[in-house]
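Good morning. I will take a few minutes to walk through one model, starting with its layout and ending with its charged pairs.

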Amino acid sequence: MIYRLSAIALAAALCGCAVGPKYEVPTTAAPATFKEAEGWTPAAPADAMERGPWWMLFGDPLLNELAASVDVNNQNVALAAAQYAQARAVVAEQRASLFPSVALNGSGNRSGGGETRPSNNYRVDIGGSWEPDTWGSLRAGVTGAQASAQASAADLAAARLSAQGELVANYIGLRQADVERQILDTTIQGYRRVLQITQNRVDAGVTARSDLLQAQTQLFNAEADLLTVIRQRAVYEHAIAVLLGKAPAEFSLAPASWSIVVPEVPLGVPSTLLQRRPDIAAAERDVAAANENIGIARAAYFPSLNLSASYGYGNSQVGGLFSASNSLWSLGLSAAQTLFDAGAIAARVEQTRAARDAAIARYRQTVLDAFADVEDQLAATRALAQQQELRRQASEAADQVEQQMENRYRAGQVNYTEVVSAQVTALSARRALIQVQADRQTTAVALIQSLGGGWQSSQP
């Protein structure tokens, strides 16, 4: 009878019944084109463009070196990598549950007491047990663990992309600070010359002392602005050190020229965004894992089966332990079925369904946020390109006005208030031009991140 039950259980396990719902990727609203993509070049595998790491498009060798080391040294990336390794180990553990477990057991004891003669008892046996995956719950666990591991892989890609993008943005900010410092140094030198001229005019009784006070105010404000820029640069340098996994005290970047390169970013169709963005991939894999949990919960409605078998030897003497006459064997089948639980199983199934619906909502929201993110960066890219030209023209005009006012002041044709106004305007225009140049680069970084991290072709 036991053999017959075992055969029935084995057949049921081999046939297996999947009690979970079939998984389908949730539908999302994917527009045919980006609203703000007018004027952009669509990405295509045959495009002649940079195929290497995306940060190389900014044309800065030092930046290339720093960004490449993020993968190795950044602790957030290391954390995500460890979590991915952990998720893969969970998959291996879940897969092992599909197979029988085998154990070798041995024991020996001596007993006695009172007038009873002491006796020995030795036993050695090998046994195994197996829970057939009759209702597919174990396979659902494996599939769910695989989906979770894939989500962890996407999280790792997202952490890597985030760290790389943050480093590039901080590096751009640092180089912007270098340029601003040069401008302020030059401006301060000019203010000191004007201050000396004003001092000479006051000493000669040609101009009022108020002009000297205004010149001093200009100089002191510019020197204060310089200290602010120096502080901001230090903050960027410290942030880069942390991103590289180093203590700020052990890291420094010398001032260098700024490569003001804004890469042209070609676009793919919006549907490719669903395949490229790691956060979207992770959200979709979370839905798949949640879907498998429904099957695991529903399997509790059905009986659980367990097969066990053992074979070994037992004897009172070690010498005759392994003789055929002392052999022992057993074979068993157990089954368990919940008859009443006051709706606990139904509640757990409903929980898993609700969790899947929540995962679907998060996935769809992630997709919508991704589309909006790309649209925002496209709009910013176009506007900043137009602003840069206007800022350049404004800066050139302000420089000319400043020079003319200084010349006219030396000739006694205007008062010093007009010179101060021209100087403030010129300095503000120069710094605004630098800012828009930095904004264009950081927006390009944000756009590349929004698109999933570059646009390498799968073709060589």
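Before counting anything, a word on terms: helices here are DSSP runs of H or I with at least four residues, strands are runs of E with at least two, and both are numbered from the N terminus. The model is predicted, please keep that in mind throughout.

With those terms, the chain has 10 helices and 4 strands. Reading from the N terminus, the order is α-α-α-α-β-β-α-α-α-α-β-β-α-α. The chain has 460 residues, and 38% of them count as buried. Its accessible surface is about 25100 Å², with 54% of that belonging to carbon and sulfur atoms. As for contacts, take those between residues at least 6 apart in sequence: 82% of them join residues at least 24 apart.

Now the interior. In soluble globular proteins, nonpolar side chains tend to be buried together. The largest nonpolar core in this model has 71 residues, and the members that touch the most others are Trp54, Phe58, Leu167, Val168 and Ile240. Which elements give two or more residues to this core? They are helix 2 (61–68), helix 4 (75–96), helix 5, helix 6, helix 8 (278–298), helix 9 (344–410) and helix 10. Helix 5 contributes the most, 17 residues.

Take Ile240 as an example. Setting aside neighbours within four places in sequence, Ile240 contacts Leu167, Asn170, Tyr171, Leu174, Phe251 and Leu253. Of these, Leu167 was also on the list of core members that touch the most others.

Next, helix 10, which covers residues 416–450. Does its length come out as expected or not? At 1.5 Å a residue, its 35 residues should span 51 Å, and the end C-alpha atoms are 50 Å apart, so the two agree. At the N-terminal end, Asn415 acts as a cap, with a side-chain oxygen 3.2 Å from the backbone nitrogen of Thr417. After the helix comes Gly452, which has a positive phi, near 100 degrees.

Last, the charged pairs. Side chains of opposite charge can pair when their charged atoms come close. How many salt bridges does the structure hold? The count is 15.

One of them is between Arg192 and Glu223, at 3.0 Å from N to O. Arg192 sits in helix 5 (residues 137–203) and Glu223 in helix 6 (residues 209–243), so this pair ties together parts that are 31 residues apart in sequence. Arg192 has 46% relative accessibility and therefore counts as partly exposed. Glu223, at 25%, is also partly exposed.

A second salt bridge joins Arg431 to Asp225, with the closest N and O atoms 3.6 Å apart. Here Arg431 belongs to helix 10 and Asp225 to helix 6, so the parts tied together are 206 residues apart in sequence. Are these two residues buried, exposed or in between? Buried means under 20% and exposed over 50%. Arg431 has 25% relative accessibility, so it counts as partly exposed. Asp225 has a relative accessible area of 29%, so it is partly exposed as well.

A third pair is Asp357 with Arg356, at 3.7 Å from N to O. Asp357 is partly exposed at 43%, and Arg356 is partly exposed at 21%. Finally, Arg175, Asp178, Arg233 and Glu237 are joined into one network by salt bridges that share partners.

That is the tour. Thank you.

Note on methods: Residues are numbered from 1 along each chain as its sequence is written. This is a predicted model: local features need pLDDT of at least 70, side-chain atom pairs count only at pLDDT 80 or more; totals for chains, interfaces and linings use all residues. Side-chain values use heavy atoms; hydrogens and water are left out. The expected span of a helix is 1.5 Å times one less than its number of residues. A polar contact is a pair of N or O atoms within 3.5 Å; within protein, one must be able to donate a hydrogen and the other to accept it, and residues adjacent in sequence count only if both atoms are side-chain atoms. A salt bridge is a side-chain nitrogen of Lys or Arg within 4 Å of a carboxyl oxygen of Asp or Glu. Buried means under 20% relative accessible area, exposed over 50%, partly exposed in between (1.4 Å probe, protein chains only). Contact means heavy atoms within 4.5 Å. Accessible areas come from the Shrake-Rupley method with a 1.4 Å probe; for residues, only the protein chains shown count as cover. A nonpolar core is a set of buried Ala, Val, Leu, Ile, Met, Phe, Trp, Tyr and Cys residues joined through side-chain atoms within 4.5 Å.
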